[in-house]
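Work through the exercises below with the sequence and the model side by side. Each task is followed by a solution in steps.

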Amino acid sequence: MSDTRQLPVPDGLDGMRVDAGLSRLLGLSRTVVAALTEDGRVAVDGRAAGKSDRLTAGSWLEVQLPDPEPATPITGPEEVVAGLTVLHADDEIIVVDKPVGVAAHPSPGWTGPTVLGGLAALGYRVSTSGAAERQGIVHRLDVGTTGVMVVAAAEHAYTLLKRAFKERTVDKRYHAVAQGHPDPSSGTIDAPIDRHPRHDYKFAVVAGGKPSVTHYDTIEAFRAASLLDVRLETGRTHQIRVHLAALRHPCVGDLTYGADPVLAKRLGLQRQWLHARSLGFEHPGDGRWVEFASPYPADLEKALDLLRD
């Protein structure tokens, strides 16, 4: 149903043409206003107005605004995604091992493969809860981050998993290789994150940003880097990458956040060394605690071997 605006003609529009005046008043193009007058959707003092009629200050204006265009859902291709492995599936959840170069769901500007498209191609049905382009998605991994991810298959599972992530009862473990040696070797990074003030494709530690907490422990130290076990309390976009960069120990290979390109090239990395190693949560079907793990993919394993040499 269209929206109708009723208001007096402001003094500043006195004497202006209807199309020019309404364009300024309502933020519509003159072409749109002209079409409204042709359809009889503009009236001044109860009489239909033409686009070239003149407005008089104080006259009563009625405009039936254009009908809103229906939202076009963002969809992606349903195609088998190379390397996408289903670790577990039942009536409630689908747990996958996401490969590099795959987005969690379709989004504007992304034309590559997605987890949802890959699951659909394999015949899996997911929850219809959530926005059309990300139905069933309760958390996401970056395109360049690999590892364990859970998708809701049932509606109540979606609700329970979303709540679990929001209430931080999910155990999310990542492994990351950071440049250098963080000091202390184990610690907590508690720093708010928001959009980067100058580069909208990046995020940064920003005063007044969203609360963000990352815990880390050093598993193994190399000459040039450290393998870290990372546990997230919050789930901000790029959180681990941003927090490690703020410590001046960015993920190896993460050129977006200041990693050394020479080291990345030596290790054969074309993305950040970051992997969602394990995921634990209460199963939405019966409440039992379940955990799923993912081995390192070949490119990350190779980089570790080179660091150990």
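**Exercise 1.** Find the residue that follows α1 and state the sign of its phi; then list the buried residues of α1 and the elements they pack against.

Solution. Step 1: G27 comes after α1 and has a positive phi, near 75 degrees. Helices (H or I, at least four residues) and strands (E, at least two) are DSSP runs, numbered from the N terminus. This is a predicted model, where local features need pLDDT of at least 70, side-chain atom pairs count only at pLDDT 80 or more, and totals for chains, interfaces and linings use all residues. Residues are numbered from 1 along each chain as its sequence is written, and side-chain values use heavy atoms, with hydrogens and water left out.

Step 2: In α1 (residues 18–26), V18, D19, A20, G21, L22 and S23 are buried (under 20% relative accessible area; exposed is over 50%, partly exposed in between; 1.4 Å probe, protein chains only).

Step 3: These buried residues pack against α2 (30–38), β2 (42–44) and β4 (60–64), contact meaning heavy atoms within 4.5 Å.

**Exercise 2.** Which residues of helix α7 are buried, and which are exposed on the other side?

Solution. Step 1: L300, A303, L304 and L307 are the buried residues of α7 (residues 298–308).

Step 2: Seen down the axis of α7, they fall within an arc of 100 degrees, so they line one face of the helix; the arc is that of the directions from the helix axis to the C-beta atoms.

Step 3: A298 and K302 are exposed on the other side of α7.

Step 4: Among the elements that the buried residues of α7 pack against are β13 (225–232) and α6 (261–266).
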